[in-house]
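Q: I have a sequence and a model in front of me, and I would like to learn how to read its features one at a time. Could we go through them together?

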Amino acid sequence: MKKYQARAAVEGVDALGYYMVPWAYSQLQVLQQAVVATTSLDDAKLGDYIRANTFTTVLGDVRFGSNGEWARSRMLQVQFQNIKSNDLAQFKDISIQVVVAPTEYESGKLMYPYEKALAANP
C-alpha cells in the first residue's frame, strides 16, 4: 500500500487506495492460483476450479459459491469517526475507520445521527 500510495500521489489519483487496490490484487491472486492449479487458461476449467476451492489472498481466505458470488460476504460498512480536519493523512490512520457491520468484524458502534459525531469534534 505504501508503494501504491506514493505512486498515486505523483500521478494525482486515488491517494489512499483502500477500496480498489486490495480487491484488484486479491482477484489476481485467485486467478493466479487457479491457473497454476489447472495448468490451463481455459475459462470453463478456471471457473470450475474457482467455484470449488478456497483461495488465500491479501484479504484473507476467499471462497466462491456455485453462481460465482462469494460463499460468505466480505462487504464491510465503515463509518469515519473523530475526523479532526480535512487533512488526507488522517485517513491513513485505521483508528478513525470504524467497522459498524457485519457484527463479527465490528470495531465500534455507528454514530447516528452523524451530526452528533461532528458536534463531538468541533
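Q: Which residues does Y18 touch, not counting residues up to four places away in sequence?

A: Before we begin, keep in mind that this is a predicted model. A contact here requires heavy atoms within 4.5 Å, and by that reading Y18 touches M1, Q5, F91, K92 and Q97, once residues up to four places away in sequence are set aside. Y18 itself is found in the loop between α1 (2-11) and α2, and with a relative accessible area of 35% it is partly exposed. A71, by contrast, is 53 residues from Y18 in sequence, and the two C-alpha atoms are 23 Å apart in space.

Q: How many helices and strands does the protein chain have, and what pattern do they follow along the sequence?

A: The protein chain has four helices and four strands, and when you read along the sequence they come in the pattern α-α-α-β-β-β-β-α. The radius of gyration of the protein chain is 19 Å, whereas the globule rule gives 14 Å for 122 residues, so the chain is more spread out than a compact globule. You can set beside this the span of the C-alpha trace along its principal axes, which is about 60 × 35 × 15 Å. Of the 122 residues, 25% count as buried.

Q: How many aromatic pairs does the structure hold, and how are W23 and W70 arranged?

A: The structure holds three aromatic pairs, and to read one you look at the distance between the ring centres and the angle between the planes, where planes under 30 degrees apart count as stacked and those over 60 as edge-to-face. The ring centres of W23 and W70 are 5.3 Å apart and their planes meet at 25°, so this pair is stacked. The pair links distant parts of the chain, since W23 belongs to helix α2 (residues 20-38) and W70 to the loop between β2 (60-63) and β3 (77-80), 47 residues apart. W23 is partly exposed at 23% relative accessible area, and W70 is partly exposed at 30%.

Q: What kind of aromatic pair do F80 and F91 form, and which parts of the chain does the pair tie together?

A: F80 and F91 form an edge-to-face pair, with 5.2 Å from centre to centre and 75° between the planes. F80 lies in strand β3 and F91 in the loop between β3 and β4 (97-101), so the pair ties together parts that are 11 residues apart in sequence. F91 has a relative accessible area of 18%, and because buried means under 20%, F91 is buried. F80, at 32%, counts as partly exposed.

Q: Where in the backbone should I look for a cis peptide bond or a positive phi?

A: The general idea is that most residues other than glycine have a negative phi, and that most peptide bonds are trans. In this model a cis peptide bond joins A101 and P102, with omega about 0°, and another cis bond runs from Y112 to P113, with omega near -5°. P102 is found in the loop between β4 and α4 (114-120), and P113 lies in the loop between β4 and α4 as well. As for phi, T39 has a positive value near 50°, and T39 is found in the loop between α2 and α3 (43-52), where it is exposed with a relative accessible area of 73%. N82 also has a positive phi, near 65°; N82 lies in the loop between β3 and β4 and is partly exposed, at 34%.

Note on methods. Residues are numbered from 1 along each chain as its sequence is written. This is a predicted model: local features need pLDDT of at least 70, side-chain atom pairs count only at pLDDT 80 or more; totals for chains, interfaces and linings use all residues. Side-chain values use heavy atoms; hydrogens and water are left out. Helices (H or I, at least four residues) and strands (E, at least two) are DSSP runs, numbered from the N terminus. The radius of gyration is taken over C-alpha atoms; the globule rule is 2.2 Å times the number of residues to the power 0.38. Buried means under 20% relative accessible area, exposed over 50%, partly exposed in between (1.4 Å probe, protein chains only). Rings of Phe, Tyr and Trp (its six-membered ring) pair if their centres lie within 6.5 Å; planes under 30 degrees apart count as stacked, over 60 as edge-to-face and the rest as tilted.
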